[in-house]
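Trainee: I would like a close look at one part of this model, with the rest of the chain as background. Please go through the geometry, the exposure of single residues and the distances in one connected account.

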Amino acid sequence: MSYLYLAIAIVSEVIGTSALKASNEFTRLVPSLITVIAFASAFYFLSLTLRTIPVGIAYAIWSGVGIVLISLIALVLFGQTLDAPAMIGMAMIVAGVIVINLFSESAAH
């Protein structure tokens, strides 16, 4: 159940970050409200995750998956692109998350 909570937290954070960009510095009401609600949801579900997953492991997964998802959304919705060093760096982050989940005894909860 903890990984489901973490997935909800990650999706909520990605929605919040996307809406934050769309809020135009909190000058647009609907995206601003979505941002606040999504971030509140993200932190709530992250707190549920931390019942059983160590904070360092949960945050590594949250940030790694979040970086990739928000980069994809930025490409699709906002036309933002990444250069080769950015993509290599993100691949390294994803590889780190995979290593943590496959080999770390800390993630074995």
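Mentor: What follows is a walk through one helix pair, its loop and its surface. Keep in mind that the model is predicted.

Start with the whole chain. Its secondary structure comes to four helices and zero strands. Along the sequence the pattern reads α-α-α-α. Along the principal axes, the C-alpha atoms fill a box of roughly 45 × 35 × 15 Å. There are 109 residues, and 31% of them count as buried.

Now the pair. Helix H1 covers 2–22, and helix H2 covers 29–49. In general, two packed helices are described by the angle between their axes and the distance between the axes. For H1 and H2 the angle is about 160°, and the axes lie 7 Å apart. An angle over 145 degrees counts as roughly antiparallel. H1 and H2 are therefore roughly antiparallel to each other. The crossing has a hand as well: H1 passes H2 in a left-handed crossing.

Two residue pairs add C-alpha distances to this picture. Take Ala 9, which lies in H1. Its relative accessible area is 0%, so Ala 9 is buried. Ala 9 and Phe 39 are 30 residues apart along the chain, yet their C-alpha atoms are separated by 8.5 Å. Next comes Pro 31, a residue of H2. Pro 31 has 10% relative accessibility, so it counts as buried too. Buried here means under 20%. From Pro 31 to Leu 20 the sequence separation is eleven residues, and the C-alpha atoms are 6.6 Å apart.

Go to the loop between H1 and H2. Asn 24 is found there, and Glu 25 is found there as well. Why look at their backbone? Most residues other than glycine have a negative phi. Asn 24 is not a glycine, but its phi is positive, about 55°. Glu 25 is also a residue other than glycine, and its phi is positive, near 60°. Exposure separates the two residues. Asn 24 counts as partly exposed because its relative accessibility is 47%. Glu 25 is exposed because its relative accessible area is 72%. The line between those two classes is drawn at 50%.

Now the surface of the pair. Which residues form the nonpolar patch? They are Val 11, Ile 15, Leu 29, Val 30, Leu 33, Ile 34 and Ile 37. Together they have about 660 Å² of accessible area. H1 and H2 are the elements that give two or more residues to this patch. H2 gives the most, with five residues.

Pick one member of the patch, Ile 34. It lies in H2. Its relative accessible area is 37%, so Ile 34 is partly exposed. That value fits the rule for patches, because a patch residue needs over 30% relative accessible area.

Ile 34 also gives a reference point for looking across the chain. Ala 95 lies in helix H4, residues 84–103. Ala 95 has 37% relative accessibility, so it counts as partly exposed. The C-alpha atoms of Ala 95 and Ile 34 are separated by 31 Å, with their positions 61 residues apart along the chain.

One more reference point sits in helix H3, residues 55–78: Ala 58. Ala 58 counts as buried because its relative accessibility is 0%. Ser 12 is 46 residues from Ala 58 along the chain, and their C-alpha atoms are separated by 15 Å.

To put the pair back together: H1 and H2 pack with their axes 7 Å apart. Ala 9 is buried at 0%, and Pro 31 counts as buried at 10%. The loop holds Asn 24 with a positive phi and Glu 25 with a positive phi. The surface carries a nonpolar patch that includes Val 11, Ile 15 and Ile 34.

Technical notes
Residues numbered from 1 in each chain as written. Predicted model: local features only at pLDDT ≥ 70, side-chain atom pairs only at ≥ 80, totals over all residues. Heavy atoms only, no water. Patch = residues over 30% accessible without salt bridge, like charges linked within 9 Å, V, L, I, M, F, W, Y side chains within 5 Å. Areas by Shrake-Rupley, 256 points an atom, 1.4 Å probe, with all protein chains shown as cover. Salt bridge = Lys/Arg side-chain N within 4 Å of Asp/Glu carboxyl O. Buried < 20%, exposed > 50% of the residue type's maximum accessible area, 1.4 Å probe, protein only. Axes fitted to C-alpha atoms, helices over the stretch in contact; angles between N-to-C directions. Parallel < 35°, antiparallel > 145°, perpendicular 65-115°, else oblique. Left-handed = near helix turned anticlockwise from the far one by under 90°.
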